[in-house]
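Me: Could you go through this model with me, one question at a time, and give the reasoning before each result?

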Amino acid sequence: MGTTTNIIRVLFISILIDFLEFTIILPLLPKILTYYGRDTGINQDSLYVQTMSFVQFIQDLTGAPNDAKWNSVLFGGIIGSLFSFLQFFSSTLCGAASDRYGRKPMLLLSMIGISVSYAIWCVSFNLTIFMLARVIGGLSKANVAIILAIVSDSTTENERNRAMAWIGAAFSLGFIFGPLLGAFCSQWGIAYWPNSTMMFFIVPAVISLVLSLINIVFIIQCCPETLPIAKRNSKQTTITDISNKILPWHLFKFTAIHNVKSVDDIIILRRLGLASFLYMIIFAGLEFTITFLVYNRFNWNSMKQGKMFFIMGLCMALVQGGYVRRIPPGKEIIAAISSDIISHTNQDL
């Protein structure tokens, strides 16, 4: 097993590459969905028609305006929700599998699935193929959960806060450069293949695929196995064990966790889990809808959206790398509450 510093460095680079490839698509989503809706009549993709029917149902249910601009926002929200819903299952199940079979094999399996999804995206000539790529990507997107487990394996309690801050900084850096890279590659594809209507997303898809393959090779060569065989879960998996890991009411209660020191620890975990869930609802909603908002309201192209994400990611990186890693052990809750107060104050202003 490598030293803690070396392992965290490897994970930092892997997360950075992963988030670069993952966020490349963000500034392209509005235009991609516009592209898939260009056909009419019998030439229109059947899945696109069915999805738009569901969008109409959501409009009727919520009273949202029946406007083409806001239809695309709901459309994008459905795609983002589907990906996250599948990721929810894959993260919990693959995380549990890594407890039994080891971190590295499950991490590589997840990353291979991600590469397959990017390969399909490269040839997504209609919405059905594109959605297939998103489904495979969502089912495979367990690498982050496994990497966090590796961090837990490799660090002591005093080291963990600093290590998590570096992982958070890698997310932020990927958020800085990924959308900008996607926008640049899209414009490059349009400039060099002006007669092709698909190069605006094929070039970014190819770049995502190449980055994912580089990441796989990097993990194979540089990431050690951090969960020794002696510490792995050798218990036979039952239906109850699976339900404890995928059913939401069991997850919020942390039913699958048994080796806790006291009841108070479970109560704290439940509160943290609920707080994390509520935060991610808001952040994921921002991540998948803000591109449609600026595309429809301000007519921002992919490059302007990439620059927007660059500024957002830069702020996140400064906070994660400059402030969060310096929070002393035991002061995390106070820091989180203070950040929330500052955030709401800025929104009020």
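What follows is a set of questions and answers on a predicted model.

Me: Which helices each supply at least two residues of the lining of the second largest pocket?
Reply: The second largest pocket has a volume of about 220 Å³, and its lining includes Thr4, Ile8 and Phe12 as well as Asn158, Arg162 and Trp166. Set against the helix boundaries, which run over residues 4-23 in one case and 157-192 in the other, the helices that each give at least two lining residues are α1 and α8.

Me: How do the residues of that lining divide into nonpolar, polar and charged?
Reply: Among the lining residues are Ile8, Phe12, Ala163 and Trp166, together with Thr4, Thr5, Thr155 and Asn158, and also Arg9, Glu159 and Arg162. Sorted by residue class, the lining of the second largest pocket comes to four nonpolar, four polar and three charged.

Me: Is threonine 23 buried or exposed?
Reply: Threonine 23 belongs to helix α1 and, leaving aside neighbours within four places in sequence, is in contact with Gly174, Phe175, Gly178 and Pro179. Because its relative accessible area is 0%, and the cut-off for burial is under 20%, threonine 23 counts as buried.

Me: What distance separates a polar atom of the side chain of threonine 23 from the backbone oxygen of glycine 174?
Reply: Gly174 is one of the residues that threonine 23 touches beyond its sequence neighbours. For the backbone oxygen of glycine 174 and the side-chain polar atom of threonine 23, the separation is 3.2 Å.

Me: With which side chain does the side chain of arginine 103 make a polar contact?
Reply: Arginine 103 lies in helix α5, which covers residues 103-121, and it counts as buried because its relative accessibility is 6%. Its contacts, apart from residues up to four places away in sequence, include Gly95, Ser98, Asp153 and Glu225. The polar contact in question, at 2.8 Å, joins the side chain of arginine 103 to that of serine 98.

Me: How far apart are the end C-alpha atoms of residues 7-29?
Reply: Residues 7-29 are among the spans that UniProt, in an unreviewed entry, gives as "transmembrane region". In the model this span is 78% helix and 0% strand, and its end C-alpha atoms are separated by 34 Å.

Me: How far apart in space are threonine 3 and proline 224, C-alpha to C-alpha?
Reply: Threonine 3 sits in the segment before α1, and it counts as partly exposed because its relative accessibility is 46%. Although 221 residues separate threonine 3 from proline 224 in sequence, their C-alpha atoms are apart by 9.8 Å.

Note on methods. Residues are numbered from 1 along each chain as its sequence is written. This is a predicted model: local features need pLDDT of at least 70, side-chain atom pairs count only at pLDDT 80 or more; totals for chains, interfaces and linings use all residues. Side-chain values use heavy atoms; hydrogens and water are left out. On a 1 Å grid over the protein atoms alone, a cavity is a set of points where a 1.4 Å probe fits but cannot get out, and a pocket is an open set with protein on both sides within 12 Å along at least five of seven lines; lining residues have an atom within 4 Å of a point. Grid points are joined across faces, edges and corners, and a volume is the space filled by probe spheres set on the points. Helices (H or I, at least four residues) and strands (E, at least two) are DSSP runs, numbered from the N terminus. Ala, Val, Leu, Ile, Met, Phe, Trp, Tyr, Cys and Pro count as nonpolar, Asp, Glu, Lys and Arg as charged, and the others, Gly among them, as polar. Buried means under 20% relative accessible area, exposed over 50%, partly exposed in between (1.4 Å probe, protein chains only). A polar contact is a pair of N or O atoms within 3.5 Å; within protein, one must be able to donate a hydrogen and the other to accept it, and residues adjacent in sequence count only if both atoms are side-chain atoms. Contact means heavy atoms within 4.5 Å. UniProt positions are given in the numbering used here, feature names are shortened, and annotations may be inferred rather than shown by experiment.
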